Amino acid sequence: MRVCKENFRNMKRVLTFLMLINCSLIFSQATISGFITDNVSGEPMIGATVFDEVSLKGTTTNPYGYYSITLTGDSAVLRYSFIGFAPQKFRVTLSEDQKLNVDLLEQN
């Protein structure tokens, strides 16, 4: 009886491990990063927003205009925005890590 319980526990661990591997294969993960700058001056946009409309996750740029966001799923729709500038949207496939630099144009 004791051997049977131990075998059951081992099988349970193996199944849990296989389920975790299977889930990681189903949902790809990718990091999108880059710089957001002013289209005219080339200055970094400090505190600009990057928002994924699919996962509803977002981030902001650092003092150098750099951002990085890690997302899961097949694709994302990234919206780049900053007060006084026209927002931009990009659809990206999340099959691998990507660099995406964005220049925002001042809104009239």
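Reader: Leaving aside its neighbours within four places in sequence, which residues is Thr37 in contact with?
Author: Beyond those neighbours, Thr37 is in contact with Gly42, Glu43, Pro44, Met45, Val102, Asp103 and Leu104, where contact means heavy atoms within 4.5 Å. This is a predicted model, in which local features need pLDDT of at least 70, side-chain atom pairs count only at pLDDT 80 or more, and totals for chains, interfaces and linings use all residues. Residues are numbered from 1 along each chain as its sequence is written, and side-chain values use heavy atoms, with hydrogens and water left out.

Reader: Where is the place of Thr37, and is Thr37 buried or exposed?
Author: Thr37 belongs to strand E1, residues 29-38. Strands (E, at least two residues), like helices (H or I, at least four), are DSSP runs numbered from the N terminus. Thr37 counts as buried because its relative accessibility is 16%; buried means under 20% relative accessible area, exposed over 50%, and partly exposed in between, with a 1.4 Å probe and protein chains only.

Reader: Turning to the open sheet, what is the order of its strands?
Author: The four strands follow the order E3-E2-E5-E6, with antiparallel pairing. Two strands pair if DSSP finds at least two bridges between them.

Reader: Which strands stand at the edges?
Author: Those are strand E3 (58-60) and strand E6 (88-93); each has a single partner strand, so one side of each lacks a neighbour in the sheet. From one strand to the next, the twist averages 20°, using axes that are lines fitted to C-alpha atoms (for helices over the stretch in contact) and angles that run from 0 to 180 degrees between N-to-C directions.

Reader: How many bridges join E2 to E5, and how many join E5 to E6?
Author: E2 and E5 are joined by four bridges, and E5 and E6 by six. Both pairs run antiparallel. Across the first pair, Phe51 stands opposite Arg79 and Thr49 opposite Ser81. Across the second, Ser75 of E5 faces Thr93 in E6.

Reader: What about E2 and E3: over how many bridges do they pair?
Author: Strand E2 (residues 49-52) pairs with E3 over three bridges, again in the antiparallel sense. Thr49 has Thr60 as its bridge partner in E3, and Phe51 has Gly58.

Reader: Which residues take a positive phi in the hairpins?
Author: In the hairpin of E2 and E3, with five residues between the strands, Leu56 has a positive phi near 65°. In the hairpin of E5 and E6, with six residues between them, Gly84 in the turn has a positive phi of about 85°.

Reader: Which way do the side chains along E2 point?
Author: They alternate: Val50 and Asp52 are buried and point to one face, whereas Thr49 and Phe51 point to the other and are not buried.

Reader: What does the side chain of Asp52 reach?
Author: The side chain of Asp52 reaches the backbone nitrogen of Val54 at 3.1 Å. Asp52 counts as buried because its relative accessibility is 1%. Leaving aside neighbours within four places in sequence, its contacts are Lys57, Leu71, Ala76, Val77 and Leu78. Asp52 and Val77 lie 25 residues apart in sequence and 5.3 Å apart in space, C-alpha to C-alpha.

Reader: How many residues has the largest nonpolar core?
Author: This core has 18 residues, and Ile32, Ile36, Leu78 and Tyr80 have the most contacts inside it. A nonpolar core is a set of buried Ala, Val, Leu, Ile, Met, Phe, Trp, Tyr and Cys residues joined through side-chain atoms within 4.5 Å. E1, E4, E5 and strand E8 (102-104) are the elements that give two or more residues to it.

Reader: Why is E5 largely enclosed?
Author: Five of the seven residues of E5 are buried, so the rest of the structure largely encloses this strand.

Reader: How many aromatic pairs does the structure hold?
Author: The structure holds four. One of them is Tyr67 with Tyr80, edge-to-face at 5.5 Å centre to centre, with 75° between the planes. Rings of Phe, Tyr and Trp (its six-membered ring) pair if their centres lie within 6.5 Å; planes under 30 degrees apart count as stacked, over 60 as edge-to-face and the rest as tilted.

Reader: In which strands are Tyr67 and Tyr80?
Author: Tyr67 is in strand E4 (residues 66-72) and Tyr80 in strand E5 (residues 75-81), 13 residues apart. Tyr67 is buried at a relative accessible area of 1%, and Tyr80 at 0%. Together with Phe90 they form one aromatic cluster.

Terms used:
Polar contact = N/O pair within 3.5 Å; in protein donor to acceptor, adjacent residues only side chain to side chain.
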